[in-house]
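Q: Hi! Could you walk me through this structure and what its ligands touch?

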Amino acid sequence: MTLVYLDHDGGLDDLAALQLLLSYQHVTLVGVAVTPADCLLEPALSVTAKMLRLAGRDDVRAAPGILEGRNPFPMAWRVDSLRVDHLPILNSARRPSPGHPSEPDPARRPSAANMPLPAHKDLARKVLAAPEPVTVVCTGPLSNLARSLDEHPDIEEKIREVVIMGGALDVDGNVDRPGHDGDAEWNLFWDPDAARRVWQSSLPLTLYPLDATNHVPVTSELVGDLTRAASPGGAATIVATLWAMTFGTWECTGQPYYCWDSLTASHLGDAGICRFETVETAIVTSGPSQGRVVRGGDRAVNVAVSADPDAFARHVIATLTGSDAHPAAVEQASAG
Ligand code: AGV
Ligand code: CA
């Protein structure tokens, strides 16, 4: 069994990553944090709770990130979390789910007794309480992990590896902001100091930068294949719906939407989808390249440098349509 703590930031593909991790039979999620970066915090927490519940894991309470990076994400991207929170596929359970948009569960109303810990404290608590070392998967900025390392340096020995979606090594970045040179990727640009703090640790780091994720755009074919393989209400339908909501990105930004975070999560299921190199790197924290990962530092990182899109598609479809990929949803469909 692999123990995993996921720190995501509520984007459409972050949620696909969450679904993949929930579907791996050999992975146990010990905790989930939501960073208020590529999302609005409340709806992203609500969606996370609903997905955990559908997967039969409502024993995990999503922890709210209270740290803010210095470079906010565009609001046009952040509001996706509001739309997802109202998707029928996440809200059709017979009993009202916790955080349902119109029917809040009284037991989940904040009170001194049931207030969740802030994400960076939840991360430390879950990692320190785990019976064996935990793999931390970060599909958003690294603010929580950085603060957690500052407050609890002893978590280092309880973390097996950190798997990060971020950076652009030998390809263009995806930050398009006045005063920035475009060489950074958004997750590390949001909080460059946090990235440097994580780089300064001695944790084993595996990086999924744009060099690899550029090989896996969300395509009509991918969504169609996943949809045809899916059973109603199951894990594959949830991910196909999330990815369907990404269409229009190219028309608005001139770039496709990629399987950035789901490819990163697939590291836990099949690390053979990507080719890896060990690269000495550093983080730029100020000036027009802030947030950039550069070659030539002294921090060795295991970097995914390319990905096989067909292998990724096969892996996702097999994982999400496995007969036991989503036990609670199957139960629910047959009960309904
Ligand atoms: O830079 C990639 C990261 C991933 O973690 N996110 C999206 C994924 O969750 C930021 C991002 C870059 N371009 C975007 C992004 C876009 N066009 N829409 C939404 N988010
Ligand atoms: Ca993300």
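Here is a short chat about the two ligand sites.

Q: Before we start, what kind of model is this?
A: It is a predicted model, where local features need pLDDT of at least 70, side-chain atom pairs count only at pLDDT 80 or more, and totals for chains, interfaces and linings use all residues. Residues are numbered from 1 along each chain as its sequence is written, chains are lettered from A and ligands numbered from 1 in the order in which they are written, and side-chain values use heavy atoms, with hydrogens and water left out.

Q: Cool. How many residues surround ligand 1?
A: There are 14 (each with a heavy atom within 4 Å of it), and the closest are Asp14, Asp38, Asn174, Glu185 and Asp261.

Q: Which atom of ligand 1 does Asp38 reach with its side chain?
A: A nitrogen atom, 2.7 Å from a polar side-chain atom of Asp38. The side chain of Asn174 also has an N or O atom 2.9 Å from an oxygen atom of ligand 1.

Q: New topic: which residues hold the calcium ion (ligand 2)?
A: Its protein donors (N, O and S atoms within 3.2 Å for Ca) come from Asp9, Asp14, Thr139 and Asp261, lying 2.3 to 2.8 Å from the ion. Asp14 appears twice in that list.

Q: And how are those donors spaced along the chain?
A: They follow D-x4-D-x124-T-x121-D. Asp9 lies in a loop and Asp261 in helix H14 (helices are DSSP runs of H or I, at least four residues), so the pair ties together parts 252 residues apart in sequence.

Key:
A polar contact is a pair of N or O atoms within 3.5 Å; within protein, one must be able to donate a hydrogen and the other to accept it, and residues adjacent in sequence count only if both atoms are side-chain atoms. Helices (H or I, at least four residues) and strands (E, at least two) are DSSP runs, numbered from the N terminus.
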